[in-house]
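I wanted a first look at this structure, entry by entry. My notes follow below the display.

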Amino acid sequence: GSCLQHPGQLLTPGPSMATSAQPRARPSALGHQLWKTLSSEADLEERLHELDLRSDSDIPDVPPPTDSTPEILKKALSGLSARWKNWWIRGILSLAMISGFFLIIYLGSFMLMLLVLSIQVKCYHEIITIGYRVYHSYDLPWFRSLSWYFLLCVNYFFYGETVADYFATFVQRREQLQFLIRYHRFISFALYLTGFCMFVLSLVKKHYRLQFYMFAWTHVTLLITVTQSHLVIQNLFEGMIWFLVPISSVICNDITAYIFGFFFGRTPLIKLSPKKTWEGFIGGFFSTVVFGFIFSYFLAQHQYFVCPVEYNSETNRFVTECEPSELFQMKKYSVPPLLQAVLGWETVNMYPFQMHSFALSTFASLIGPFGGFFASGFKRAFKIKDFADTIPGHGGIMDRFDCQYLMATFVHVYITSFIRGPNPSKLLKQLLILQPEQQLSVYKTLKSHLVEKGILQPSLRG
Amino acid sequence: MRSHCLQSSQHLSAQLFLQQQFAESPGLRPRALPCLDAPQGESESENKLDGETASDSESKCDFGGSSPVPTSDDTPEVLNRALSNLSSRWKNWWVRGILTLAMITFFFIIIYLGPMVLMTIVMCVQIKCFHEIITIGYNVYHSYDLPWFRTLSWYFLLCVNYFFYGETVTDYFFTLVQREEPLRILSKYHRFISFALYLTGFCMFVLSLVKKHYRLQFYMFGWTHVTLLIVVTQSHLIIHNLFEGMIWFIVPISCVICNDIMAYMFGFFFGRTPLIKLSPKKTWEGFIGGFFSTVLFGLLLSYVMSGYRCFTCPVEFNNDTNSFTVDCEPSELFQLQEYNIPVLLQSLLGWKTVRMYPFQIHSIALSTFASLIGPFGGFFASGFKRAFKIKDFANTIPGHGGIMDRFDCQYLMATFVNVYIASFIRGPNPSKLIQQFLTLRPEQQLHIFNTLKAHLVDRGVLGSLEEA
């Protein structure tokens, strides 16, 4: 690894600071010692200010996290050289993750939602922990509670806005839920405000800057992790294919770019990630497009993947049963003359969805990696090797999901712009909230529109 | 003003010393540090009001960043001469007072000029606030040497504004948009275009990451985004409130201003018990006095304003005249009604019933929020200024500081009003719903139509006039 520095690396004193250099044992121990040292001297803010200003190389590395590979694997692979051992560990874990993924898909939408939620919470936790380490702010106990509280608030808000729409019939039956839904925004805002006021009241002299940093860190993390996860869930409700194909494309791009880079890699792609190469990038692009085509072809045939997820109030389950939309019905396409010569076919039977998968795979290969570069830059900026140690050989959950980050938003924007309009059940819910006179006028407008389009036969009277 | 200035000579020599030290720091041009002399001193010994003019604060600490020379007093000459005879404390009072009146007059003029001008002013205030906060970030991190970043910050501001304005325009100017072909396409794919623009900025950021400055760049990225979140979303919520009816714009803002002024006065004359360590000049007497006066002020102001259509009607865009009109049948919120006075107050006031607008009840809620929770926005800004050791956000307004200083309490108010309106006053926008309806597929349209019809028949709104 590139970041293995001597664990005893000391805090290099800057030209104008006389900081006492402390030997570093573990990050938290140093943090505490540093805290005591600094607090006992002049303003802590001053120190941090100096810390911020110095260029990155002066700031010590966090020592690499301990190896968390399970014992079984270690014994089985003890004979191999370190490089191949690493390869095998990563490979085995990749397979394990992919199998886990398939299992959960089989179990259905609800389990998928839970999975997305747990991943979101874990990513949030990872990033917040990095913030604590960077700023040595374990001594601000209020702040951990506040961070989790804000996470709860924002999740409550989003779940209320999106998921509640799908449970409209379920909600209609219960009075208390109706109240919660009707005033949902107000309740969420009140909850958030409480957190905000608690933050203001918790501001402690000498630690203002730290607290503001953590506040901002929390909010940016929420913006990144929570909004993305909710967009993922909304895509899921549109049809599991909209959830599976983008995620698989990103994973495929990761793996194939790595493989192409491993075998053919020569020209470096970007200074930020020296292991990425142009050969890997381009090879990954083409393989991902092909993979997307083939994968969508298989998924588009099954109703289970293609239909929007709906909640059946009678059976209290999620159901995916519908008449497949025209996006998932085979059509004949004429092959453009250039490709005709290559492929030898004149027409081809494809699902229209496969054209969309082309757009999704392109995004996953060309722009998705920027999410990865962003995360690499972040790790270099704060001198960490991985976000956490959760997965042996791979690092933290966030390491696996950094490229997915932009993908979810793109798919959501793509769906709302090109595929479907607004959500009908949400529209209905809003219509039912209007004042009676407004409802009447809307009704009349709709009726005239429908009659005009011939969808509704004009009534005999009125 | 004595206690600060006495330290000034000491401070200047300390500054020069530190500047020399920093000249060795690699990769960064030497910059004067932000205000170093303890603001702790300010908190304990300064029990006065923030009656310091910009001139005093600047002579002791510079946050312009580029030169060690303290910037000069920018109170206009006119005022300086007129007030030269008074003692500095009263002089400050007068400067602040005159500027306050000037700002309030300006506010009235703009209201008179109409919604379009108001929208433009909100936009300018937003840009100026954004600029102020970003400049503070540059000063704190001495990141003038990352030229890419200034461009990127402004670019992100542009993107986010484009996104929000596009959503607003699409909602309220629906007919106008439908008429013009290019606008129609822009509005249909609006989200996609905004996202593409934002992505371009994001990729530019990633490509601009420079070794040795990663952390700085990430800080500025985070700083920009948090600022956007605060400043731009609030300003767009204000514009939404404005479209609901100018009264929803004017009453909240006036309540916050009134609370500011009243709390200041009550604190000045009666202030004794400090309110919060963060802002030592605030007192409980000021807080409570401000609360009651603001509620009263809100009631009176709403009474006066509810009588005029130009304030109470939603702003609409008239296609034929291509201008904004405020003309409508006032909703029941703005029609006088008889209320029974609760028995407690009857003895006090001597009336049995009172004629009030229902809106005045809502104004009590708005004023309460402005007095009780609004100040937290001010405390937040105070904490922020202390954290980054700045006296004011900027020097735009003599005696008051920057634009952000004036608007820090408004910050939460706009969101509250928007949430309040959405929850309690009106439901969703009917024309927006119709517009969404028209984009659905025919089967979905039919399904919704039938459900709506069944609902209306159920409620008896739709009698036997229509039948399937």
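Entry 1, a threonine. I looked up B:Thr415 in this predicted model and found it buried, because its relative accessible area is 15%. For the label I used these limits: buried is under 20% relative accessible area, exposed is over 50%, and partly exposed is in between, with a 1.4 Å probe and protein chains only. B:Thr415 lies in helix 20 of chain B, residues 410-425. Helices here are DSSP runs of H or I with at least four residues, strands are E runs of at least two, and both are numbered from the N terminus. I then listed the contacts of B:Thr415, setting aside neighbours within four places in sequence, and got A:Phe189, B:Gln234 and B:Leu237. Contact means heavy atoms within 4.5 Å.

Entry 2, conventions. I noted that residues are numbered from 1 along each chain as its sequence is written, and that chains are lettered from A and ligands numbered from 1 in the order in which they are written. Because the model is predicted, local features need pLDDT of at least 70 and side-chain atom pairs count only at pLDDT 80 or more, while totals for chains, interfaces and linings use all residues; side-chain values use heavy atoms, with hydrogens and water left out.

Entry 3, a tyrosine. Is B:Tyr141 buried or exposed? I found it buried, at 2% relative accessibility. B:Tyr141 is in helix 7 of chain B, residues 115-141. From B:Tyr141 to B:Tyr219 I count 78 residues in sequence, and 8.6 Å in space from C-alpha to C-alpha.

Entry 4, helix 22 of chain B. I checked the length of this helix, which has 18 residues, 442-459. The expected span is 1.5 Å times one less than the number of residues. That gives 26 Å, and the end C-alpha atoms are 26 Å apart, so the two agree. The buried residues of helix 22 of chain B include B:Ile448, B:Phe449, B:Leu452 and B:Leu456. Why do I place the buried residues on the same side of helix 22 of chain B? They cover an arc of only 165 degrees around the axis, the arc being that of the directions from the helix axis to the C-beta atoms. On the face turned away from the buried side I found the exposed residues B:Glu443 and B:Asp458. Just after helix 22 of chain B, B:Gly460 takes a positive phi of about 80 degrees.

Entry 5, nonpolar cores. A core here is a set of buried Ala, Val, Leu, Ile, Met, Phe, Trp, Tyr and Cys residues joined through side-chain atoms within 4.5 Å. The largest has 186 residues, and among the members touching the most others are A:Phe243, A:Trp242, B:Phe205 and B:Trp248. Helix 12 of chain B, residues 214-244, gives the largest share of this core, 16 residues. A second, separate core of 16 residues includes A:Leu428, A:Tyr443, A:Leu456 and B:Phe437.

Entry 6, a hairpin in chain A. I found strand 1 (residues 268-270) and strand 2 (residues 273-277) of chain A running antiparallel, joined by 2 bridges. Strands pair if DSSP finds at least two bridges between them. The two strands of chain A form a hairpin with 2 residues between them. A:Ile270 stands opposite A:Ser273 of strand 2 of chain A.
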